[in-house]
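Please open the structure in the viewer and keep the selection tool at hand. The tour below proceeds from one selection to the next.

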Amino acid sequence: MYSSENKSGDRHFIRRLPLQAVLVVPFVVQIFAAVGLVGYFSFRNGEQAVNDLANQLIDSATQRVDNQLDSYLALPQQLTQVTADAIATGQLDLNNPKASELYFWRQSKAFPAISYFGYALPDGREIGAGRYLNPKDITLYENLPGGKASDYTSDVSGNRGKLIQTYDFDILKENRYIKATRAQKPFWADISGVTINNIQVSETGAEVQAGGASENVGDYSDYISVPAIYPILDRNGKFLASLICDLQLNDINRFLKSLKISHSGKVFIVEPDGRMVATSGKKPILNKLKYPVERFTVFTIPEPLIQTIATRIQQESGRLQSIQTTRELRFKYNNQRYFTQVTPWKDPYGLNWLIVVTIPESDFMGQINANTRSTILLCCGALVLATIIGFFTSRWITGPIVRLQKASEAIAAGDLDRPVEVKGIEELEGLGRSFNQMAVQLKTSFTVLEARVTERTVELQQAKESADNANAAKSEFLANMSHELRTPLNGILGYAQILQRNESINSKGRNGIDIIYQCGSHLLTLINDILDLSKIEAGKLEINPRSFHFPSFLQGIVEINFIRAQQKDITFDFLPDANLPVGVLADEKRLRQVLINLLGNAIKFTERGQVTFRVEKSDTVNEGKNTRIRFAIADTGVGMTPKQVEKIFQPFEQVGDTKKQSEGTGLGLAISHKIVFLMDSEIKVESISGKGSTFSFEVQLPEVRDWAADSRVVSQGAIVGYAGERRKILLIDDRWENRSVLLNLLEPIGFTIIEASNGQEGLQQVLQTVPDLIITDLAMPVMDGFEFLHSLRSHRELQHHIVLVSSASVFEIDRHNSITAGGNDFLPKPIQAEILLEQVQKYLKLEWIYQAPKDEQLWDLDVAQEIKPPSRAILTQLAQLAKMGDLEEVMEVAQQISDGDNAAFVRELIQMAEACEIKQLRAFIQQYLA
């Protein structure tokens with residue numbers, strides 16, 4: 001045992017040990033040990049190095065082949081996908097052979113690896129192009145129904161040249177086509193190998209001999225191809241066509257030959273049934289002595305090494321089909337040791353190949369031995385050099401400094417748990433402690449920062465998910481809403497217009513019909529505005545001002561919302577300013593949308609009490625005729641908290657009672673807020689929870705006098721017929737209510753109406769009845785509108801018929817596609833009577849016969865004699881008010897003279913004013929003035 005003094009002395013000796021000895025001695029010992037171990041294990045691990053190098057080379061080659069297959073075989077799938085998208089969007093019409101042929105010629109020209117690209121239809125027609133006869137030139141291919149195929153040369157523009165050959169070939173009996181009719185997704189068909197003789201073209205045509213030619217027949221070229229099949233289905237999963245894209249595999253052969261694995265290494269690709277796909281060897285993989293041409297298998301190909309590899313794979317793994325994972329083989333052939341690896345390769349479309357890479361040990365064993373000797377010599381040299389350098393540099397480098405440096409590098413790399421231990425040098429112990437304290441502080445700071453970053457990341461992810469869900473909900477909502485609502489609206493608005501033309505309905509009934517039409521029209525406007533939300537958010541929505549009658553505009557809004565308020569048994573007060581302008585210039589559609597949205601929300605969230613709609617001139621000083629109008633909607637409903645007020649203008653954001661939220665989409669206030677912003681104003685909100693809310697905004701509405709000039713009216717009067725012979729109109733629509741609307745609009749004024757429920761019936765009616773005009777829908781069973789237009793325009797005797805396309809779709813692409821497909825014009829649903837009659841008159845070149853309007857007829861003398869008019873001064877005042885369109889002031893004057901003998905006059909006056917029959921009102925007053 002040692003005494004305490006001895007222990008203390010040992011510690012003192014260690015602390016006084018020279019720094020140079022501390023560094024040099026361990027350093028030299030480590031170098032000697034490293035050199036000795038390297039020399040020893042270099043010899044022992046030579047064989048392992050060979051195995052590792054072989055595995056690395058094989059893995060590298062396999063990976064390169066795998067990557068090449070992934071990229072090269074993706075081309076036909078991408079081309080068929082792009083072509084399918086072009087067919088779906090109408091950019092490529094498979095029923096147009098010439099355009100289709102040019103399209104596939106261009107694709108074949110752009111991608112030389114594609115030997116054939118085309119499509120096949122259920123009737124047996126096949127159109128395509130490719131280098132399947134001559135690798136240098138593109139051949140055009142056509143197979144007519146019945147199985148008669150033809151090959152043509154092509155010029156530099158893709159047009160047909162000379163006929164090369166014709167032959168019998170029925171695509172409908174081909175296995176790849178039969179599979180396509182049953183498939184629901186793209187797939188690969190079986191690989192085919194062909195031997196093609198050179199093409200000789202004469203002045204009268206050309207002849208081609210293909211497949212199975214012997215070597216003494218002439219020059220030939222071989223190609224192997226794999227067809228990518230893409231079935232085209234309709235929305236119901238019905239098969240429409242098959243896209244066929246043959247990809248040459250010759251480039252894979254060339255790629256395998258270009259791989260520099262080793263001096264004698266080989267790579268080949270086979271199918272699980274043993275048939276060759278590609279090889280880096282010089283032997284061909286097609287057996288040209290057989291007809292039709294067949295591919296060699298790994299057991300029959302004239303390469304003994306490949307046959308030996310196949311035999312060993314079968315011995316160790318059984319059948320090739322059973323290989324599902326990478327297998328490694330070691331065997332000897334001709335006294336040479338071979339390293340072989342078999343790797344399965346698959347793609348999502350059905351290809352299942354085996355990649356086989358083999359390398360002989362002799363290719364790199366000599367270099368391994370040379371490298372081993374070089375390593376030993378380098379290690380010895382490094383030992384001597386490192387010892388000398390370490391001895392001299394140890395004088396200047398100290399251990400604590402090195403440790404501090406490593407610690408600082410570790411901190412820079414993010415490792416804050418490595419403390420610095422400094423012993424033996426008193427001057428650096430304090431620095432080491434300070435350094436450790438700094439590391440602890442940094443670790444604490446980074447921990448806090450990481451926690452904050454994690455928390456913020458979670459918040460951002462949640463926000464992103466919420467936004468994605470909202471966008472998905474919006475897209476689904478917009479997609480489902482358009483067609484479902486516009487189709488029934490077509491019937492509502494159509495019959496409302498028919499009833500408006502009925503002369504037997506009294507003024508009260510007509511007023512009710514007008515309200516129905518206004519409500520339906522507003523609902524249609526709401527649908528369109530919801531679909532325009534993306535345009536508003538993108539800043540593409542524009543304000544389109546037009547002049548209109550301001551009092552009737554407000555009255556229409558009031559009537560719609562008054563009915564809603566009556567249904568809820570709440571009071572609706574309309575308080576207009578007496579000095580409001582008669583005619584204004586504004587975007588009537590957008591202003592109506594904002595007001596009805598705000599009024600609708602006020603009524604929806606008010607269970608008792610009242611809703612007040614106030615319209616007044618602003619106190620702001622007006623410049624010239626630019627009048628600022630203030631709109632205010634106040635209710636006694638549920639109200640909102642300040643926090644809810646902040647969110648109400650966000651899209652899809654609904655506040656308040658959950659039961660009420662289900663009645664809306666959460667878009668109304670967001671759209672209204674952005675529309676008012678485009679009008680250089682903003683919506684202000686004042687709300688108290690439980691007591692009610694007030695929404696208000698001010699907009700500048702320039703006053704105009706000639707507002708009536710922009711109104712869509714038939715100034716000549718009601719149309720009762722047309723001049724000339726009776727015309728026939730064919731209506732094609734699968735919905736009877738849509739046909740009924742058009743029938744009731746057109747038949748009463750003299751047209752002969754013919755009906756059909758789909759495009760196929762429509763074509764039969766065109767042939768039988770020869771109509772003067774055709775109105776067709778787009779979405780129909782059996783044959784839709786696009787197919788009908790194509791068939792009509794393709795028929796020599798029918799292609800000049802006038803066709804108006806009518807659809808409930810509001811998307812511009814459908815309008816454009818209908819005109820492109822052959823329509824003369826477009827009629828959006830619900831049908832507007834004025835637009836319909838304008839287009840019928842335009843394309844049939846008609847001269848309408850009008851009935852004189854009621855306001856131009858004098859009143860019956862007997863009735864006029866029973867009515868006692870007021871004084872001439874009052875009549876003059878009323879005439880001036882009627883001329884200005886100030887119906888409110890007319891009714892106010894009428895109330896003042898309602899007593900006495902003027903009761904009948906006042907009753908007629910008020911009835912016309914309430915019905916907004918301005919022309920009749922003017923004629924009525926003018927009669928008594930005369």
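Begin by selecting A565, which counts as buried because its relative accessibility is 1%, below the 20% cut-off for that class. The model under view is a predicted one. A565 belongs to helix 14, which spans residues 550–567. Display its surroundings next: leaving aside residues up to four places away in sequence, A565 touches I570, F572 and I603. Then add E607, which lies 42 residues from A565 along the chain; the C-alpha atoms of A565 and E607 are 9.7 Å apart.

**The nonpolar cores**

Move now to L73 and W353, the residues with the most contacts inside the largest nonpolar core, a set of 79 residues. Colour helix 3 (residues 46–72) as well, since this helix gives the most to that core, namely seven residues. Which residues does L73 touch, not counting those up to four places away in sequence? They are Q68, W188, V226, L247, L249, W345, L351 and W353. A second core, separate from this one, has 41 residues, among them A586, I603, L669 and I671. I603 has already appeared on this tour as a contact of A565. As a general background, nonpolar side chains in soluble globular proteins tend to be buried together.

**The open sheet**

Select the five strands that form an open sheet in the order 13-12-18-17-16, with antiparallel pairing. Strand 13 (276–279) and strand 16 lie at the edges, each pairing on one side only. From one strand to the next, the twist averages 20°. Two helices should then be added to the display. Helix 7 (residues 250–258) packs on the sheet and touches strand 12 (266–270), strand 13 and strand 18 (352–360); the direction of helix 7 makes about 40° with that of strand 13. Helix 8 (residues 304–317) also packs on the sheet, where it touches strand 12, strand 13, strand 16, strand 17 and strand 18. The direction of helix 8 makes about 125° with that of strand 16.

Zoom in on strand 16 (residues 327–333) and strand 17 (residues 336–346), which run antiparallel and are joined by seven bridges. Along this pair, F331 stands opposite Y338, and Y333 stands opposite Q336. The two strands form a hairpin with two residues between them. In the turn, select N334, whose phi is positive, at about 55°.

**A loop asparagine**

Go next to N134, in the loop between strand 2 (126–130) and strand 3 (139–144). Is N134 buried or exposed? N134 counts as buried, because its relative accessibility is 18% and the class takes in values under 20%. Show the side chain of N134 and the backbone nitrogen of K136, which the side chain reaches at 3.0 Å.

**The two faces of helix 26**

Finish with helix 26 (residues 887–896), where L887, V890, M891, V893 and A894 are buried. These buried residues cover an arc of only 160° around the axis, so they lie on the same side of helix 26. Rotate the view to the face turned away from the buried side of helix 26; the exposed residues Q895 and Q896 are found there.

Terms used: Residues numbered from 1 in each chain as written. Predicted model: local features only at pLDDT ≥ 70, side-chain atom pairs only at ≥ 80, totals over all residues. Heavy atoms only, no water. Core = buried A, V, L, I, M, F, W, Y, C linked by side-chain atoms within 4.5 Å. Buried < 20%, exposed > 50% of the residue type's maximum accessible area, 1.4 Å probe, protein only. Helix = DSSP H or I, 4+ residues; strand = E, 2+ residues; numbered from the N terminus. Contact = heavy atoms within 4.5 Å. Pairing = 2+ DSSP bridges. Arc of directions from axis to C-beta. Polar contact = N/O pair within 3.5 Å; in protein donor to acceptor, adjacent residues only side chain to side chain. Axes fitted to C-alpha atoms, helices over the stretch in contact; angles between N-to-C directions.
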